[in-house]
Amino acid sequence: MNWDVLLDFSPFSKNWDAVLQSFWATIKLSLMTGILSLALGTLLVSMRVSPTPVLRAFGTFYVNTFRNTPLTLILLFASFGVGDTLGLNKVLNTYWLAVFGMSAYTAAFVCEALRSGINTVPLGQAEAARAIGLTFTQSLRMIILPQAFRSSVAPLGSVLIAMMKNTTVALVAGYVEMAAQMKQMFEEDGATLPIFLGFAVGFMVLTLPSGLLVSWLSKRLAVAR
Amino acid sequence: MTTTAPESTARVSRRTRRKADASVLFDAPGPRARFRNNIVTGIAVLVFLALLYVVLRRFDDKGQFEGKLWKPFVKVETWTDYIIPGLGGTLKAAALAAVLALLFGVFFGLGRMSDHVWVRVPCAAVVEFFRAIPLLLLIFFIFQGPATIANGLGREAPHISEFTAVVGGLMLYNGSVLAEIFRSGIQSLPRGQSEAAYALGLRKSGVMRLILVPQAVTVMLPAIISQLVVLLKDSALGYIIAYDELLNEGLRALPGKYGNLIPAAIVIAVIYILMNLALGRLATYLEGRSRRSKKSAGARLAPDAPSTPGMGMDQGPAAN
């Protein structure tokens, strides 16, 4: 009997640099995707509530398309379609291809989270904004969106936490993060329980505190009504 | 007075319509607003067309829109040899995983609300663990782990097929999310419901089975269906461990034969979108039905009300 498969954590010390690097790669991908998807999601939600039917239709089309397509397909498309076929992989490395694919996907969910936030803003707010003569863009920017952001902290947080876990799929775009590193260690040292647990804990270190932060923030920022 | 009746309903409906309209953030456009709208529309259309042109042009330059690359999709063999078997693989895995995940969710959701600490704590630990880690890591481990471990312990290595790994991962992950959905559904019911049931002399099991669970399921049905959409979409992860599903057939095997990656990706994406939109419609319909019926005392929760950070993330009903 060889209990190493259940107890031996030495593959981690052996590959410590690579493991840390993959951990950092996951964080890097999450951060950039978070920023870009928040920006794109805000733009999309502005389109979805705008007075111009064409913009609304485009927003709806975008959200329906990207929310219903598997992330694996989007990232494969980013890698093979945009990267190889269009030859953009000479300009963009796997990191940026993964970032763009992930952001395109996550933005659709950010948009929906923000829209649910906009729905919680009382009607009177928008009416008052119009009554004092603000234009649509002004009322959205100064009145509606700030309140919507504050009340959609919780759904936005769960979207972003899910996005962190989704970064594992970036391995199909050839980006080496924690899932790719775990796969490689599985191949070199065998798929042992300690390797799996180590990476699982690595993710929990990222997701659980984020969850706590989100619920603290959402309580703190909640708009008292 | 019969003549006023239609008028008053008309007024009511006009008022409700106005209210629905007013939830958008602008007034009914006047002449100037209409003029401005037309200009914005024109600019937006131009920008979208320009973007579309650039993208299509670049793919066209690479010959991705040549007729011969699309031709496979009008051939029967493409559908019977690739897409339909792939779709079958996806649906088979998703259906089995959905059933197992629901059972898993009920078991651990109820376990987490147990009065006994030694049931509650392990159930909570299981649910929180599987919710916190990425589904892909889980699938990798289920696929390769048991064989290694059995070997190490000197036992005969079990054969874990790709199908088992995908279904197992989907079950554990989505089951944990569903457990939280069930729990929040039951906790959203007013306390009076269980108090009244206890007052009638029902036991704990009776209170759960006859009073709480039926109402909670009604309340949470849209959320449950949304999670099943997530599950269906996540079955595409099977591609990574080479399980024979839609993505594998349509985006690996098919372009491998015809070299039509972009057309294939578009067709496969449309199939996924249609499946998920259909499921989303179902969720919207069920939500509307449960809102109209007065059978449940529970608050109506939007499908994305519980925070269910999913692989595919939680979603509203309108579209996955």
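The following exchange concerns the fold and burial of chains A and B in a predicted model.

Reader: How many helices and strands does chain A have?

Author: Read along the sequence, chain A follows the pattern α-α-α-α-α-α-α-α-α-α-α. The tally for chain A is accordingly 11 helices and 0 strands.

Reader: What does the C-alpha trace of chain A span along its principal axes?

Author: The extent of chain A is given here along its principal axes and refers to the C-alpha trace. Along those axes, the trace spans about 75 × 45 × 25 Å.

Reader: What percentage of the residues of chain A count as buried?

Author: A residue counts as buried if 20 or more other C-beta atoms lie within 10 Å of its own. Chain A has 225 residues, and the buried portion is 49%.

Reader: Among contacts in chain A between residues at least 6 apart in sequence, what percentage join residues at least 24 apart?

Author: Contacts are taken between C-beta atoms that lie within 7 Å. With pairs at least 6 apart in sequence as the basis, those joining residues at least 24 apart in chain A make up 77%.

Reader: How far apart do the C-alpha centres of domain 1 and domain 2 of chain B lie?

Author: Domain 1 of chain B covers 28–62, and domain 2 covers 73–292. The separation between the C-alpha centres of these two domains of chain B is 40 Å.

Reader: What percentage of the residues of chain B count as buried?

Author: Chain B contains 11 helices and 0 strands. Of its 320 residues, the portion of chain B that counts as buried is 41%.

Methods
Residues are numbered from 1 along each chain as its sequence is written. Chains are lettered from A and ligands numbered from 1 in the order in which they are written. This is a predicted model: local features need pLDDT of at least 70, side-chain atom pairs count only at pLDDT 80 or more; totals for chains, interfaces and linings use all residues. Helices (H or I, at least four residues) and strands (E, at least two) are DSSP runs, numbered from the N terminus. A residue is buried if 20 or more other C-beta atoms lie within 10 Å of its own, exposed if 12 or fewer, and partly exposed in between; C-beta atoms are placed from the backbone. Two residues are in contact if their C-beta atoms, placed from the backbone, lie within 7 Å. Domain bounds come from an automatic or database domain assignment.
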